[in-house]
Amino acid sequence: MTTSLKNCDIFLEWLEVKDQSMSYVLAKLKEFIEDRIGRKMTGEEHIKVKNICYKLSSTWKKYYRKRDKVEMVLKDWFLMDTFKFDSEPDKSTSRGRPRINFEESSCRTKRRRVGELVASTSADIITTAAKRFSNVKETDIISVEKALALYVDMDLSVRQYNMMRNAVNAIHKNCFPSYYAIAEAKKKLIPENIEVTETSMNVPLQTLLDNTAKSILTKLQICPKII
C-alpha cells in the first residue's frame, strides 16, 4: 500500500526544532523521515529536505514568525507530497533496516517503543488516552472534532499529540487525524473581528454568539435559515 509524507508533516516537525542550528534541524528531520518511510534517505532526498528547510525558514522570517500567516501563504504547498512510499516496504530493495509495525514487533521491541513513549509523555496523558480509546475498534476513526477536543482538554503540545497519534495509529490504523487537520478545524472555530492590543483583547458578543451557534448547528447537521 502506497502512502505519502506531506510538506505539512515536515513543517510540524520543523516547528519543534526551528530555533536550533541548521545541522541539528536537518538531523532531526532525517530521523523523523527515515522512521516514517522505513529506509535511509538518498542524497537527492537530503538536498530536497534541505531546500524545504530554507523555504520554511525564509517564509517564517518574512511573515514575522506568525504561524497563521505562514500556514495561509503555504496552504496549497502543505498539501503536496514530499515523499511517497510503501507502508510495507520491499525488504529486497529498501536500504537500511525498515521499521516494522508495532503489532509485528518482537516483545523486546514493543517494550522499547513503549518505554520511549512513556519517557517522553506524561503518565496523565497516556492514562487519559487509554481510557478514552480502550474500546476503539480497528475500523473506527476518531473525528477531527473529537481529536481537537482531546488535544485542547489534555493541553497537548504538537509533539505530544503526534506521538500519541503515531502510537494509537500503529494499533488502530488511521484512527487519529493529522495535527494539520485539527489545526484547520480549530481555525474555523475562532470568531472574526477580534481586536487585540498590547493590554487587552475584544470580541463582539454578537459575533461570538453567532460563531458558537453556527458550530452547534454544524455539529447537529442542521442548516441555519438566513432571515
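Where is the place of Tyr64? The legends below start there. The model is predicted.

**View 1. Tyr64 sits in a loop between two helices.** The place of Tyr64 is in the loop between helix H3 (43–62) and helix H4 (67–73). Its phi is near 55 degrees. That is a positive value in a residue other than glycine. Tyr64 counts as exposed because its relative accessibility is 68%, and the cut-off for exposed is over 50%.

**View 2. Asp155 takes a positive phi in the loop before H9.** The loop runs between helix H8 (144–153) and H9. Asp155 is not a glycine, yet its phi is positive, at about 55 degrees. With 65% relative accessibility, Asp155 counts as exposed.

**View 3. Helix H9 carries its buried residues on the same side.** H9 spans residues 158–171, 14 residues in total. From first C-alpha to last, H9 reaches 20 Å. That is close to the 20 Å expected at 1.5 Å a residue. Which residues of H9 are buried? They are Val158, Tyr161, Asn162, Met164, Arg165, Val168 and Asn169. These residues cover an arc of only 165 degrees around the axis, so they fall on the same side of H9.

**View 4. Helix H2 ends just before a glycine with positive phi.** H2 covers residues 22–37 and has 16 residues. The first and last C-alpha of H2 are 22 Å apart, close to the 22 Å expected at 1.5 Å a residue. Val25, Leu29, Phe32, Ile33, Glu34 and Ile37 are the buried residues of H2. Just after the helix comes Gly38, with a positive phi of about 75 degrees.

**View 5. Glu34 of H2 is buried and pairs with Lys40.** Side chains of opposite charge can pair when their charged atoms come close. The side chains of Glu34 and Lys40 meet in a salt bridge, at 4.0 Å from N to O. Are the two partners buried or exposed? Glu34 is buried, with a relative accessible area of 12%. Lys40 is partly exposed, with a relative accessible area of 44%.

**View 6. Asp9 of helix H1 touches Phe32 and Arg36.** Asp9 is found in H1, which comprises residues 7–17. At 13% relative accessibility, Asp9 counts as buried, since the cut-off for buried is under 20%. Asp9 touches Phe32 and Arg36, with residues up to four places away in sequence not counted. Phe32 is also one of the buried residues of H2.

**View 7. A salt bridge ties strand E1 to strand E2.** The side chains of Lys6 and Asp81 meet at 2.8 Å, N to O. Lys6 lies in E1 (residues 2–6) and Asp81 in E2 (residues 81–86), so the pair ties together parts 75 residues apart in sequence. Lys6 is partly exposed, with a relative accessible area of 27%. Asp81 is partly exposed too, with a relative accessible area of 31%. How many salt bridges does a search of the whole structure find? The search finds 9.

**View 8. Glu184 and Lys187 pair within helix H10.** The closest N and O atoms of this salt bridge are 3.4 Å apart. Both residues lie in H10, 3 residues apart, or about one turn of the helix. Salt bridges that share partners join Arg67, Glu71, Glu184 and Lys187 into one network. Lys187 is partly exposed, with a relative accessible area of 31%. Glu184 is among the buried residues of H10.

**View 9. The buried residues of H10 pack against several helices.** Buried in H10 are Tyr179, Tyr180, Ile182, Ala183, Glu184 and Ala185. Which helices do the buried residues of H10 pack against? They pack against H1, H4, helix H5 (75–78), H8 and H9.

**View 10. A nonpolar patch lies on the surface.** Ile190, Ile194, Val196 and Met201 form the patch. Together they have about 390 Å² of accessible area. Ile194 is found in the loop between helix H10 (179–189) and strand E3 (195–196). At 34% relative accessibility, Ile194 counts as partly exposed.

Key
Residues are numbered from 1 along each chain as its sequence is written. This is a predicted model: local features need pLDDT of at least 70, side-chain atom pairs count only at pLDDT 80 or more; totals for chains, interfaces and linings use all residues. Side-chain values use heavy atoms; hydrogens and water are left out. Helices (H or I, at least four residues) and strands (E, at least two) are DSSP runs, numbered from the N terminus. The expected span of a helix is 1.5 Å times one less than its number of residues. Buried means under 20% relative accessible area, exposed over 50%, partly exposed in between (1.4 Å probe, protein chains only). The arc is that of the directions from the helix axis to the C-beta atoms. Patches are made of residues with over 30% relative accessible area and no salt bridge: like charges are joined within 9 Å, nonpolar side chains (Val, Leu, Ile, Met, Phe, Trp, Tyr) within 5 Å. Accessible areas come from the Shrake-Rupley method with a 1.4 Å probe; for residues, only the protein chains shown count as cover. Contact means heavy atoms within 4.5 Å.
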